[in-house]
Every structure is written in C-alpha cells, then in structure tokens.
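Here are my notes on the model you sent round. Have the structure open while you read them.

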Amino acid sequence: MPVGGEVNVYGQDVTAVKRVEASLREADRRKDEFLAMLSHELRNPLAPVRNSIHILKRAPRGSEAAERALAVIDRQVEHITRLVSDLLDVTRIARGKIELHRETVDLAELTRRAGEDLASVLDGRQLRVALRVPPRPLWVHGDATRLSQVIGNLLNNAAKFTPAGGEVGIDLAERDGAVELRVRDTGIGIAPEFVSEIFEPFVQAEQPLARTHGGLGLGLALVKGVVELHGGSVEAHSGGEGMGAEFRVRLPLAARAGDPSIPADAGPQRPGVQRRVLVVDDNTDAAETLADLVRLLGGEAEIAHDAGSALERIRRRPPDVLLCDIGLPGVTGYDLARQLRAGGWRRLRMVAVTGYASPEDRARAREAGFDDHIAKPPAPGDLVRVLSGAASG
C-alpha cells in the first residue's frame, strides 16, 4: 500500500478515486458559479434595453429622451454581442478551431488606437491613461482583429479593477527580437494564490453580490489563447492585493523585405455600396432590420421569408446580392444555395447571414455554394464588406 494513501474498509487504496471525486466537485462548483454569472450578465443589459423600448414607444421621435434610449440600446446590444462572442471564442480556442486571418500588422498603430479609444471611457471613470508607444511601426504577422481584441481586453481588465483617481499604463517596445506590450494599473491587484489561475476560463476572484466588476471571467482566457496562437506568450505580475497588476505580452517581430514602412500585403481600398439586395429570413424583425441597414448603407433591399418566395423574387427581379439565413422553414438556406447554383445562378453573390458561426458552419456554407458568411448580428462593417464584393480574410 502506498505510504500516506487512503484505504477503504476492504484495505483498498482509494486515494486516486478521492482525488477524482474532489476534482469533479470543483468542476461542478465552477459550472454552477458560471451559470449564475451568465444569468446575471445577460439580465443586466436586457433590463435597460426593455426600459428603452418602453421609452421609445412613448417619447416623441427625435426627442432627447428617444435619442438617449437609442444610445442605451446600442451600447447594451454591443455588450450582449461581446459576451456571446467571448463564449464562442473560448470554446473554439479550446477545440483548436479558431481561425486567424494573418497579415502584416503594425502593433504600434493598433495599440495607439486602442489607447485613444479607451481614453474617453477612462476619463469618465476619473482614471488617467499613460500611453507610451514608439512613433515608428512595430510589425507582427497576425490577425489585426484578434490582436486588437487582446489589447482591448487587457485595457478593459485594467480599467475594471482600478478605482477612481488611479492610472492605466500602456507600454509598447521592441525587446530582444520581439514586440513586448505591457499593460499596468494601480488597481486592487491580484492575490498571490490567484495569479497562477488568472488566465483560466470562468475563473474570477471572489466578488460581492453587487458584482461591481462584472464579466464572465473570459477576457484573460481569450488573451492567452489568441497570443499563443500567434506564437507569443503572456504573463501576469502583481505585488498582491491593493498593489496593482501588470500584464506582459510578447509577440515575435515579423520578418519583412523592402520598405519597412509599407506592409507587403496591404490590400486595395474597397468600393462603395450600391447593390440590389434580397434579404431572406423567416424572422420578420431580423429581415426588416437587416433590409433597413442595407438601405442606410446605400443599397436597395427586398425581403423574402422562405426559400420559395426567395426563388420567385430572384426569377422576377434578380438581385446582385443574396443575404440568406440558414435556418429557414422547410427548405434550408443550404438547400436554397445549392438549388440556385445548380439552376445556373453563378454570378449571384450569395452570403450566409446566420447564428451558425463555427468554422465547420463556414465550411458547410462554402460547400453549399455561398460566397461568404457573416455571423448574426451582422456588424455594419461586415455588411459593407460583403455588399461591396470584398472577400473575407
């Protein structure tokens, strides 16, 4: 029998069994805490959205109250979208399914932009920003959107845990053949026993019921996953509770030839949006709001709520672009795409607009005949891209 092991009444060593049971209990506890956090974080933005809708029904159009309500809805929907995206991203990273669209990226410009974007938010919280970024470019080979997400998550994390009157520092420099980003704060710090767990998904320090800091404990897990996918590393440092914290990200410098001020893969400018568009979605609100967005961007839009109606409209007045949901009643969006391609509609640009947004879903859309894929809810920038005919990265 192993020394120090635990045995049952039959003299059998059950140490390993007890260890597994303890691990399962801890996993179950974290699962319950996460579900409670998720419920809280989703209910928080839904309450002001519902209140704002109530106001919009009663306030005069264009009034100050109506404009405030619209601004609230915009902010809170963005918050919900970010929560859902974070959940999906953590899952994809864990499964090794996340996609990177690599190009030559100036990390100095991304960092400078992120710091300037956050400055107004921090000013409202009475926080100072100390931004130290070199004037020359620092090129890395990576996904600009994902790297911006890393910087934004670190800055928001620093701001979240720094009380009024404090400071958030952003330092970027070239060190030992790599680009090093440091984000530091004068906030509440990290307990020593918590530093080793800070990058784990759904892990958070104890918080009061008010949950002043909020969040799902996903931001830093995403930072670690995205940085490591870029061949980099991230680490946390803190002098302890009340001593502030610092996060250091290291990314390899990009090898480049020719003029160092111009990325070799800089793309062409995209044309404007002047397209005739057919929106296909069985959800009336989703279809009408998407059509309105198309019109605001300068396009012309019609709506169909099922595959049969879509086919009829396409034959009667062919659109330039088809924005099509996948989960249509009866004949799915995949089936509609296959039917159109088989029927000779080769020049019709077809874009899947759907909540099915995993890499497997994107591949399935391509196989069905779609030219592109954007996840719901579509951002205006994504719509401009697909309507202008630019390919996804």
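The points below cover one sheet, a helix packed on it, and the nonpolar cores.

1. First, a reminder that this is a predicted model. Everything here is computed from it.

2. Start with the open sheet: it has 5 strands in the order S9-S8-S10-S11-S12, with parallel pairing. At the edges sit S9 (300–304) and S12 (372–375), each of which pairs on one side only. On average, neighbouring strands of this sheet are turned by 20° against each other, direction ignored.

3. Inside that sheet, look at S8 (residues 276–280) and S10 (residues 321–324), which run parallel and are joined by 4 bridges. If you want one pair to click on, Val 277 has Val 321 in S10 as its bridge partner.

4. Helix H8 (residues 307–316) lies across S8, S9 and S10, and runs at about 140° to S9.

5. Now the largest nonpolar core, which has 40 residues. The members touching the most others are Leu 107, Leu 154, Leu 155, Leu 172, Leu 181 and Phe 247. Helices H3, H4 and H6 and strands S4, S5, S6 and S7 each give two or more residues to this core, and the largest share, 8 residues, comes from H4 (144–160).

6. Phe 247 deserves a closer look. Setting aside neighbours within four places in sequence, its contacts include Leu 154, Leu 181, Val 183, Ile 190 and Phe 199. Polar or charged residues are on the list too, among them Asn 157, Arg 182 and Glu 235.

7. Don't miss the second core: it is separate, has 21 residues, and includes Val 280, Ala 310, Leu 336 and Ala 352.

Notes. Residues numbered from 1 in each chain as written. Predicted model: local features only at pLDDT ≥ 70, side-chain atom pairs only at ≥ 80, totals over all residues. Heavy atoms only, no water. Pairing = 2+ DSSP bridges. Axes fitted to C-alpha atoms, helices over the stretch in contact; angles between N-to-C directions. Contact = heavy atoms within 4.5 Å. Core = buried A, V, L, I, M, F, W, Y, C linked by side-chain atoms within 4.5 Å. Buried < 20%, exposed > 50% of the residue type's maximum accessible area, 1.4 Å probe, protein only.
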